[in-house]
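Biologist: I should be grateful for a close look at a single part of this structure. Please describe that part in connected prose suitable for a first-year student.

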Amino acid sequence: MKQLYEKSELTFALVCIAIYCILQSLANPLNAVIGVEYSASAILCALQAVILFAFIRANGLLERYGLCKSALPARRFLYYVPLMLLASRNLWNGAAINGSPAGTVCHIVCMLCVGFVEEVIFRGLLFKAMAKDDGRSAMIISSVTFGLGHLLNLVNGSGAELAGNLLQVTGAMAIGFLFVVLFDRGGSLLPCVITHSAINIISGFANETGLTMEKRILFQLVLFGIAVAYALFLMKTLPKNRD
């Protein structure tokens, strides 16, 4: 791993993304075989999270990839209130228990790890590698790549429908853009990891009853507006913090 990283940070990031996508695609049929939702997904994602964190820590890269506290006070980020609003998105139509007890536990573990892995590889590794040459393009590519990556849910056996998946993709792009701005200007990836994990975990408790496509679109527009407005505010009020 270290040799590949030292040779090309960008290649290392792309390899990590490819491994993550492959593992999550393999996990879906394994979940069905085991008979517990998210069981294999949790194990494989936790394994990648542990390996990634161990590599970053062993090579003294915690600060480079934002696994540290921001040097700026919370008030500069409006006390992260917009992130709390975004994290609550999946409860805007109410809450429900949607899985078995074992499946719910596996879902929580999996989504905690997904939040960490996706932030590290998309906002950390990929963004940092590309920002060396062009920070603005790196922001766009990181956000778009993160959003388009969710199209994988259409073919990996997760059962996603086209309309819902397209909404997920657009929302992921907006949130991805916000997260890369947070990391770029605040120097810490932790708020992104926590919010990402919270969004994913709460998705397992979303109430789908009466959730029409019109409501989905309305909720998505609100989410998009919050994410973009908050990102623009941070870009205007916070200094750049790139290497």
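Modeller: Let us take helix α2, bearing in mind that the model is predicted. About 30° of bend occurs in α2 at Asn28, and a proline, Pro29, follows within four residues. The helix comprises 26 residues, residues 9-34. At 1.5 Å a residue, α2 should span 38 Å, and this agrees with its end C-alpha atoms, which are 36 Å apart. After α2 comes Gly35, whose phi is positive, near 90°.

We may next ask which residues of α2 are buried. They are Glu9, Phe12, Ala13, Cys16, Ile17, Tyr20, Gln24, Ala27, Asn28 and Asn31. Asn28, the site of the bend, therefore appears among the buried residues, where buried means under 20% relative accessible area. The buried residues of α2 pack against three helices: α1 (2-7), α3 (39-58) and α5 (101-131).

Glu9 deserves separate attention. This residue lies in helix α2, and it counts as buried because its relative accessibility is 6%, while the limit for a buried residue is under 20%. Its side chain makes a polar contact of 2.4 Å with the side chain of Tyr65. A further polar contact, of 2.8 Å, joins the side chain of Glu9 to that of Lys132. When neighbours within four places in sequence are left aside, Glu9 is in contact with Arg64, Tyr65, Leu125, Lys128, Ala129 and Lys132. Both polar partners, Tyr65 and Lys132, thus appear in that list of contacts.

Terms used:
Residues are numbered from 1 along each chain as its sequence is written. This is a predicted model: local features need pLDDT of at least 70, side-chain atom pairs count only at pLDDT 80 or more; totals for chains, interfaces and linings use all residues. Side-chain values use heavy atoms; hydrogens and water are left out. Helices (H or I, at least four residues) and strands (E, at least two) are DSSP runs, numbered from the N terminus. The expected span of a helix is 1.5 Å times one less than its number of residues. The bend at a residue is the angle between axes fitted to the seven residues ending there and the seven starting there. Buried means under 20% relative accessible area, exposed over 50%, partly exposed in between (1.4 Å probe, protein chains only). Contact means heavy atoms within 4.5 Å. A polar contact is a pair of N or O atoms within 3.5 Å; within protein, one must be able to donate a hydrogen and the other to accept it, and residues adjacent in sequence count only if both atoms are side-chain atoms.
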